[in-house]
Amino acid sequence: MQVMTGAARKAGRRLARDFNEVEHLQVSKKGPADFVTNADQKAEQIVFEELSKARPGYGFLMEERGVVEGTDKSHRWIVDPLDGTLNFMHAQPHFAVSIALEREGELVAGVVYNPATDELYHAEKGRGCYVNDRRLRVSERRKFSEAVIATGMPFFGKKGHATFLKELHQIMPHCAGIRRYGAASLDLAGVAAGRFDGFWERGLGAWDVAAGIVLVREAGGQAGSIEQTGDVLETGNICAGNETMMDELRTRLAKAAG
Ligand code: IPD
Ligand code: CA
Ligand code: CA
């Protein structure tokens, strides 16, 4: 855990410094796109170096550099160095470094760090979920009509716009409100913290959700594949919440699929 939180904080500090620069670049003609790509890669390099130094031999799955085989075949880090890139690029302080550890194919630890708020979410299998030093629990809410549900909408160039609208039609009229904040790792952290009663999104990468899944499960909630079949890290179609919210979401999303 210390290794993971150390790496997340170090990369996060770097992102926070670059974020200040991005705020200035907003007004430039070219915009901050190249600068952000660079910041993303630098953050990934930091995470890679820190984790490799502490645990030589572990493999990696990283959003930017992809798969890095390790000599230790039973451990793998799953990393998104900058989740919420579009927010970062548009000077919105809602982004995170996400790091998970898989042991023998099972997710055993997760860290999600939001440098803008200095909130460090961390969880280890069997040991509970925390934000900084505070223990977290998922929400107890049972009525869907009172639930605040987070989601992610497909953006430019992504598939699934029509499907999303059908799903929204099944969920939106029945819950208290929908939120789209733009960083899946923080959406899951929000479920773990009881700030959201549920979350669903399709087409995510393993690096978007791996750490957040550990957070939610250790906060007493559930996180899994929308269709209940297949490994959620592979399908990328996820929903999360307490048991009741999971049932509600799955039932309504199944209806949307017709
Ligand atoms: C994105 C964010 C966003 C989600 C996208 C992801 P990125 O990750 O998690 O909330 O809706 O599907 O790709 O690109 O900012 O690392
Ligand atoms: Ca991401
Ligand atoms: Ca990313």
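**Notebook: the site of ligand 1**

I started with the shell around ligand 1 and asked which element gives the largest share; strand β3 (residues 72-83) does, with 3 residues. I note that the model is predicted.

Next I looked up the domains. The shell takes at least three residues from domain 1 (2-135) and at least three from domain 2 (144-257).

Then I sorted the shell by class. I found 7 charged residues, 5 nonpolar and 3 polar.

Which residues come nearest to ligand 1? Of the 15 around the ligand, I listed Asp83, Gly84, Thr85, Arg180 and Glu201.

I went on to polar contacts. A polar backbone atom of Thr85 lies 2.7 Å from an oxygen atom of ligand 1. For Gly182, again a polar backbone atom, I read 3.2 Å to a ligand oxygen. With Glu63 the side chain takes part: one of its N or O atoms is 3.3 Å from an oxygen of ligand 1.

I also checked cover. On its own, ligand 1 has 380 Å² of accessible area, and the protein covers 89% of that.

Last, I looked at pockets. The largest pocket is the space that ligand 1 takes.

Conventions
Residues numbered from 1 in each chain as written. Chains lettered and ligands numbered in written order. Predicted model: local features only at pLDDT ≥ 70, side-chain atom pairs only at ≥ 80, totals over all residues. Heavy atoms only, no water. Near = heavy atom within 4 Å. Polar contact = N/O pair within 3.5 Å; in protein donor to acceptor, adjacent residues only side chain to side chain. Areas by Shrake-Rupley, 256 points an atom, 1.4 Å probe, with all protein chains shown as cover. 1 Å grid on protein atoms, 1.4 Å probe; cavity = no way out; pocket = protein on both sides within 12 Å on 5 of 7 lines; lining within 4 Å. Sits in = over half its atoms within 2 Å of the grid points. Helix = DSSP H or I, 4+ residues; strand = E, 2+ residues; numbered from the N terminus. Nonpolar A, V, L, I, M, F, W, Y, C, P; charged D, E, K, R; others polar. Domains from an automatic or database assignment.
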